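The following exercises are to be worked with the sequence and the three-dimensional structure at hand. Each task is followed by a solution in steps.

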Amino acid sequence: MSVFVDYLRLVKFSHTIFAMPFALLAFTYAWVEGARESDELWLLLLQVIGCMVFARNVAMGFNRWADRVIDAENPRTRDREIPAGRVSAHGAVTFVVINALLFVVVAATINPLCGYLSPVALAVVMFYSYCKRFTALAHLVLGLSLGIAPVGATIAVVGSITLESILLALIVMTWCAGFDIIYALQDASFDRSRGLHSIPARFSASVSLTISALLHAASIALLLWYATYQPLSWLLYVGCGLFTIIVASEHYIVTPTRQRNIGIAFGTFNALASMSLAISLIANLIIYG
């Protein structure tokens, strides 16, 4: 059991709460709009969730393996599973390979397009791990890797990419890039000393938080656009309102001179934002769609 827990911690399994709600929202929207038969629902939903979990495991497992030397040098991360010796580098690679194979196999059982695009999705989520070695735009690549989720869920249901799924992907991309900049403030000095790239390593805390706020403003604007495709009801207003308030609150509790709340902003606030939005809008689709 302890080994199982170590691997869950390795991939930060609790952080699936960021992208998973958007994938489920995209799945529900595509299902309702496509008027699919209900007897197909549960099997396809399990396949989509399985793909989400496997892709997440690949992304984080590979990231922890690729960053194992950097993590060992960083005081904040040296207690992570690989530097601390709780998971071996070989074990992490084996874990990544197994999950990658499971992802491709399950994706291929959904429909041909999911199968064809599955290696592309894996390439994107693994490419992120090396981005901070050469570009400060790594935050956007992380957002892109998470933004794949709602597009993949939509393809699973309707067999094609839709405008609505692209909007959700852009919401996730800008939202995640914004909160990743906040998170990266913790390592700004270390990243500069090691020649690693990030927005906080390149700019001051004040400028970095301004860029983060602009990205979050973009995600809220995109959300309002996406909302025009939803049934108008109080649930829609509640979901969009809560997401906006929670995301805006991150910039109230984290400032250039007050960074002790980064953990709360990153973990708690973003989990609440994604869950409240998805629950409200999924209920809106089921009740009023």
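## Exercise 1: Helix H12

Task: In this predicted model, determine how the span of helix H12 (residues 234-253) agrees with 1.5 Å a residue.

Solution.
Step 1. Helix H12 has 20 residues, and the expected span is 1.5 Å times one less than the number of residues, so the helix should span 28 Å.
Step 2. The end C-alpha atoms of H12 are 28 Å apart, which agrees with the expected value.

Task: State which residues of H12 are buried and what covers them.

Solution.
Step 1. The buried residues of H12 are Leu235, Leu236, Gly239, Cys240, Phe243, Ile246, Val247, Glu250 and Ile253.
Step 2. Their cover includes helix H2 (20-34), helix H8 (163-184), helix H11 (205-227) and helix H13 (262-288).
Step 3. At the start of H12, the backbone nitrogen of Leu235 has a side-chain oxygen of Ser233 within 3.2 Å.

## Exercise 2: The nonpolar cores

Task: Identify the residues that touch the most other members of the largest nonpolar core.

Solution.
Step 1. This core has 77 residues, and those touching the most other members are Phe22, Phe27, Trp175, Tyr226, Phe243 and Val254.
Step 2. Helix H3 (residues 41-66) supplies the largest share of the core, 12 residues.
Step 3. A second, separate core has 7 residues, including Val11, Ile82, Ala92 and Phe95.
Step 4. Phe243 belongs to the group named in Step 1, and Phe243 is also among the buried residues of H12.
Step 5. Val254, when residues up to four places away in sequence are not counted, touches Ile182, Leu185, Leu209, Asn261, Ile262 and Ala265.

## Exercise 3: The surroundings of Thr77

Task: Describe where Thr77 is found, and decide whether Thr77 is buried or exposed.

Solution.
Step 1. Thr77 is found in the loop between helix H4 (68-73) and helix H5 (89-110).
Step 2. The relative accessible area of Thr77 is 2%, and buried means under 20%, so Thr77 is buried.
Step 3. Not counting residues up to four places away in sequence, Thr77 touches Ile70, Asp71 and Pro83.
Step 4. With Asp71 there is a further detail: the side chain of Thr77 reaches the backbone oxygen of Asp71 at 2.9 Å.
Step 5. Asp71 also forms a salt bridge with Arg80, in which the closest N and O atoms are 3.2 Å apart. Both Asp71 and Arg80 are buried.

## Exercise 4: Salt bridges and Glu73

Task: State how many salt bridges the structure holds, and analyse the pair of Glu73 and Arg194.

Solution.
Step 1. The structure holds 7 salt bridges.
Step 2. One of them joins Glu73 and Arg194, with the closest N and O atoms 3.2 Å apart. Glu73 lies in helix H4 and Arg194 in helix H9 (residues 188-194), so this pair ties together parts that are 121 residues apart in sequence.
Step 3. Glu73 has a relative accessible area of 36% and is therefore partly exposed. Arg194, at 43%, is also partly exposed.
Step 4. Leaving aside its neighbours within four places in sequence, Glu73 is in contact with Arg78, Phe190 and Arg194.
Step 5. By contrast, Glu73 and Leu281 are 43 Å apart in space, C-alpha to C-alpha, and 208 residues apart in sequence.

Task: Compare the accessibility of Asp79 with that of Arg86.

Solution.
Step 1. Asp79 and Arg86 form a salt bridge, their closest N and O atoms being 3.5 Å apart.
Step 2. Asp79 has a relative accessible area of 54% and is exposed, whereas Arg86, at 35%, is partly exposed.
Step 3. Elsewhere, a network of salt bridges links Asp67, Lys132 and Arg133.

## Exercise 5: Cysteines

Task: Establish how many disulfides the structure holds.

Solution.
Step 1. A disulfide is a covalent bond between the sulfur atoms of two cysteines.
Step 2. The structure holds 0 disulfides. For Cys51, the nearest cysteine sulfur is that of Cys114, 7.0 Å away. A disulfide requires sulfur atoms within 2.5 Å, so Cys51 is in no disulfide.
Step 3. Cys51 is buried, with a relative accessible area of 9%.
Step 4. Cys176 is likewise in no disulfide, and its nearest cysteine sulfur, that of Cys131, is 15 Å away. At 0% relative accessibility, Cys176 is buried.

Terms used: Residues are numbered from 1 along each chain as its sequence is written. This is a predicted model: local features need pLDDT of at least 70, side-chain atom pairs count only at pLDDT 80 or more; totals for chains, interfaces and linings use all residues. Side-chain values use heavy atoms; hydrogens and water are left out. Helices (H or I, at least four residues) and strands (E, at least two) are DSSP runs, numbered from the N terminus. Buried means under 20% relative accessible area, exposed over 50%, partly exposed in between (1.4 Å probe, protein chains only). A polar contact is a pair of N or O atoms within 3.5 Å; within protein, one must be able to donate a hydrogen and the other to accept it, and residues adjacent in sequence count only if both atoms are side-chain atoms. Contact means heavy atoms within 4.5 Å. A salt bridge is a side-chain nitrogen of Lys or Arg within 4 Å of a carboxyl oxygen of Asp or Glu. A nonpolar core is a set of buried Ala, Val, Leu, Ile, Met, Phe, Trp, Tyr and Cys residues joined through side-chain atoms within 4.5 Å.
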